[in-house]
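The following note is offered to a colleague who is meeting this structure for the first time. It is set out in numbered points, to be read alongside the sequence and the model.

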Amino acid sequence: MPSSNQRVYSRFIPSEEVGDVTHWKFGAMDGADLEEPVPESEAAAGLPPALDEAQQQALIQEACDAAYAKGVAQGEAQASLQWQRRMDDYVANQGQEAAQRLNAVVQSLQASLADMQQHMAQDMLHLACDIARQVLRHELSVNPNALQPVVREAVGMLVSEGRPALVRLNPVDMESLAGSLREEFDGAAVQWMADAAVPAGGCLVESAGTVVDGSLDKRWQRAVAALGLDSAWQDGGDGDGNDH
């Protein structure tokens, strides 16, 4: 009978009970695969010959030279790469600065052009007003009846309300317009008065404390004010409004 400490194995041995293992290679039964031992002299002949000190120094120097050359090449490559990166950054920064300067120049030119156009427009407007003023002066000089629509409108505003009115005209205008105006407003409470203080080509209509200034200067200022200008009738002309 086996003891209690002895185990009965039918086929396998547990790994914990296996010690050192040596692989066993089965050879041919007739010894054909056996290798002849190499003699020590032949084995030594297969090894490279021993190097003397000079040869060792030469090999060391060769290795140092190769390492130095490799390091120099790597250093040059890194320096070239850093230089190229700096050049790229420099070009990019220069391009941005150039673009900013160019944009500032363009904006300045646009502002100058807009300002010049504005001045040109104002100059053209003033020129047009000067021409219009000359045309009006010529029209008033050759057409004494040019004042008549102005007087008719001013008087009509007051007479239509049934209020009496006093019309002051330059003596020259009174002489040429009084007949037709009195006939036109016959029956209305309108009083006509020649007044040398009233510039020719204009009129003053008064009614119950209300004064309608139909002078050339006032009419001209109202006309040019609609264009955004402030220009007197006498500016640039001969003057006193007596060019009728």
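1. Glutamate 206 is a useful place to begin: with a relative accessible area of 26%, this residue is partly exposed. The term applies because partly exposed covers the range between under 20%, which is buried, and over 50%, which is exposed. The model is a predicted one, and all values in this note should be read accordingly.

2. The side chain of glutamate 206 meets that of arginine 168 in a salt bridge, at 3.1 Å from N to O. Since arginine 168 belongs to strand S1 and glutamate 206 to strand S3, the pair ties together parts that are 38 residues apart in sequence. As a general matter, side chains of opposite charge can pair when their charged atoms come close.

3. Arginine 168 also forms a salt bridge with aspartate 195, here at 3.4 Å from N to O. This pair links distant parts of the chain, 27 residues apart: arginine 168 is in strand S1, and aspartate 195 is in the loop between S2 and S3. Aspartate 195 and arginine 168 are both buried. Arg168, Asp195 and Glu206 are thus to be considered as one network of salt bridges.

4. How many salt bridges does a search of the whole structure find? The number is four. One of them joins the side chains of glutamate 184 and arginine 152, at 2.5 Å from N to O. Glutamate 184 is in helix H4 and arginine 152 in helix H3, so this pair ties together parts that are 32 residues apart in sequence. Glutamate 184 counts as partly exposed at 35% relative accessibility, and arginine 152 is partly exposed as well, at 33%.

5. The wider setting may now be described. The protein chain contains five helices and four strands, and from the N terminus its elements follow the pattern α-α-α-β-α-β-β-β-α. The four strands make up an open sheet of mixed pairing, in the order S2-S1-S3-S4. Strand S2 (190-194) and strand S4 (210-213) are at the edges with a single partner strand each, so one side of each has no neighbour in the sheet. From one strand to the next, the twist averages 20 degrees.

6. The pairings deserve individual attention. S1 and S2 run parallel and are joined by five bridges; arginine 168 has methionine 193 in S2 as its bridge partner. S1 and S3 run antiparallel, with four bridges between them, and valine 167 is partnered by valine 205 in S3. Strand S3 (residues 203-207) pairs with S4 in the antiparallel sense, over four bridges. Glutamate 206 is opposite valine 211 in S4, while serine 207 has threonine 210 in S4 as its bridge partner. Two residues separate the strands in the hairpin of S3 and S4, where alanine 208 takes a positive phi near 50 degrees.

7. Are the residues of S1 buried or exposed? Five of the five residues in this strand are buried. Ala165, Val167 and Leu169 point one way from S1, Leu166 and Arg168 point the other way, and all are buried. S3 shows an alternation of side chains: Cys203, Val205 and Ser207 point to one face and are buried, whereas Leu204 and Glu206 point to the other and are not.

8. Two helices should be viewed together with the sheet. Helix H3 (residues 148-159) lies across strand S1 (165-169), S2, S3 and S4, and runs at about 5 degrees to S3. Helix H4 (residues 171-184) lies across S1 and S2, at about 155 degrees to S2.

9. Attention is also drawn to helix H2 (residues 53-142), in which methionine 87 is found. At 33% relative accessibility, methionine 87 counts as partly exposed. Trp83, Met87, Tyr90 and Val91 form a nonpolar patch on the surface, and their accessible area together is about 440 Å².

10. Some totals for the protein chain complete the note. Of its 244 residues, 19% are buried. The chain exposes about 18400 Å², and 56% of this is supplied by carbon and sulfur atoms. Among contacts between residues at least 6 apart in sequence, 67% join residues at least 24 apart.

How values were computed:
Residues are numbered from 1 along each chain as its sequence is written. This is a predicted model: local features need pLDDT of at least 70, side-chain atom pairs count only at pLDDT 80 or more; totals for chains, interfaces and linings use all residues. Side-chain values use heavy atoms; hydrogens and water are left out. Two strands pair if DSSP finds at least two bridges between them. Axes are lines fitted to C-alpha atoms, for helices over the stretch in contact, and angles run from 0 to 180 degrees between N-to-C directions. Contact means heavy atoms within 4.5 Å. Patches are made of residues with over 30% relative accessible area and no salt bridge: like charges are joined within 9 Å, nonpolar side chains (Val, Leu, Ile, Met, Phe, Trp, Tyr) within 5 Å. Accessible areas come from the Shrake-Rupley method with a 1.4 Å probe; for residues, only the protein chains shown count as cover. Buried means under 20% relative accessible area, exposed over 50%, partly exposed in between (1.4 Å probe, protein chains only).
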